[in-house]
Amino acid sequence: MKIFLSYASQDRPVADQINRALLEQGHDVFFDREDLPPGEEFHIRIRRAIERTDLFIFLISKDALDAGSYTLNELEIAARRFTRPSGRMLPVLLNATSIQHLPAFLSSVTLLDSPGNVVAAAADAVHRIASQRQRKRWSMVGASVAVAALIAAVVWSARRGGTLAPEVVGRDGAPFMLVSAGDFVMGDADAPLRRTLYLDAFYIDQYEVTTARYTTFLAANKSVTPPDGWQEIELAR
């Protein structure tokens, strides 16, 4: 994973240990902002690094929360980057801090407060987050394969008569529309590697998949992990 490690300069010794532990796990860590050039480019590189990160780790201490600390600027960028911080934000408590003094974005997720070795605890927490992310990624692959298989079955069924109907209906009653075979220009207008591909005819859902249909899919595929906050969603028909 790409990880951004935010810490106050006074906490550099423990931040350095956490950085080494994460590098040993194979993660790509943005750690030493002291090597960045001063001026506007410094701020731009920090912002870009946070916007590209998969996990933002914030080391909580009195110095990190002091007014004027650059870590608060980094936290503000992360708050804009992650509208849903669960699984993307890891606040690590280095010393006793009142919850009332924490920024709202930090207090919206569970704090890592270890009574033991904080470096080991942080490394273990990141390992668990990375493992969960990997499982979700494989679940998404499985879901994509299932959808592709369904579409292939629909196409096969439609072709049994020798021609493709302009519209077919799936087993769940959802309509599929035919996209005719032809050339497809891949890439945005400004992309340097735009190219033309030929695609066979295929069917695609006429309407977006509703939460109710996705619930049916989850019930039929127990290995797929629902997305975060799924239980709070009001099912649409």
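# Helix faces, salt bridges and a nonpolar patch

Student: Which residues of H1 are buried?
Tutor: First, a word on the source: this is a predicted model in which local features need pLDDT of at least 70 and side-chain atom pairs count only at pLDDT 80 or more, while totals for chains, interfaces and linings use all residues. Numbering runs from 1 along each chain as its sequence is written, and side-chain values use heavy atoms, leaving out hydrogens and water. Helices (H or I, at least four residues) and strands (E, at least two) are DSSP runs numbered from the N terminus, and buried means under 20% relative accessible area, exposed over 50%, partly exposed in between (1.4 Å probe, protein chains only). In H1, the buried residues are Val-14, Ala-15, Ile-18, Asn-19, Ala-21 and Leu-22.

Student: How much of an arc around the axis do they cover?
Tutor: The arc is taken from the directions that run from the helix axis to the C-beta atoms. These residues lie on the same side of H1, because the arc they cover is only 165°.

Student: And which exposed residues sit on the face turned away from that buried side?
Tutor: A general point helps here: an α-helix has 3.6 residues a turn, so residues three or four places apart point the same way. The face of H1 turned away from its buried side carries the exposed residues Pro-13 and Glu-24.

Student: How far does H1 reach from its first C-alpha to its last?
Tutor: H1 spans residues 12-24, which is 13 residues. The expected span is 1.5 Å times one less than the number of residues. For H1 that expectation is 18 Å, and the helix comes close to it, reaching 18 Å.

Student: Which residue with a positive phi follows H1?
Tutor: Look just past the end of the helix. The phi there is near 95°, and the residue is Gly-26.

Student: His-27 caught my eye; is it buried or exposed?
Tutor: His-27 belongs to the loop between H1 and strand E2 (28-30). Its relative accessible area is 10%, which means that His-27 is buried.

Student: Which side chain does the side chain of His-27 join in a polar contact?
Tutor: A polar contact is a pair of N or O atoms within 3.5 Å; within protein, one must be able to donate a hydrogen and the other to accept it, and residues adjacent in sequence count only if both atoms are side-chain atoms. The side chain of His-27 reaches the backbone nitrogen of Met-1 at 3.2 Å. The side-chain partner, at 3.1 Å, is Gln-25.

Student: How many salt bridges does a search of the whole structure find?
Tutor: Side chains of opposite charge can pair when their charged atoms come close. Here a salt bridge is a side-chain nitrogen of Lys or Arg within 4 Å of a carboxyl oxygen of Asp or Glu. With that cut-off, the number of salt bridges found is 7.

Student: What is the N to O distance between Arg-47 and Glu-51?
Tutor: Both residues lie in helix H2 (residues 40-51), 4 residues apart, about one turn of the helix. Arg-47 is partly exposed at 31%, and Glu-51 is partly exposed at 38%. Their side chains meet in a salt bridge with an N to O distance of 3.4 Å.

Student: Which residue forms a salt bridge with Glu-76?
Tutor: Glu-76 lies in helix H4 (residues 70-81), and its partner is in H4 too, 4 residues apart. Glu-76 is partly exposed at 48%, whereas the partner, Arg-80, is exposed at 54%. The closest N and O atoms are 3.7 Å apart, and the residue is Arg-80.

Student: In H4, which residues are buried?
Tutor: H4 has 12 residues and reaches 17 Å, close to the expected 16 Å. Its buried residues are Thr-71, Glu-74, Leu-75, Ile-77 and Ala-78.

Student: What arc do they cover around the axis?
Tutor: They fall on the same side of H4. That is because their arc is only 160°.

Student: About how much accessible area does the nonpolar patch have together?
Tutor: Patches are made of residues with over 30% relative accessible area and no salt bridge, joining like charges within 9 Å and nonpolar side chains (Val, Leu, Ile, Met, Phe, Trp, Tyr) within 5 Å. Areas come from the Shrake-Rupley method with a 1.4 Å probe, and for residues only the protein chains shown count as cover. Strands E7 (182-186), E8 (195-199) and E9 (202-205) each supply at least two residues. Val-179, Phe-184, Met-186, Leu-197, Leu-199, Phe-202 and Ile-204 form this surface patch, with a joint area of about 520 Å².
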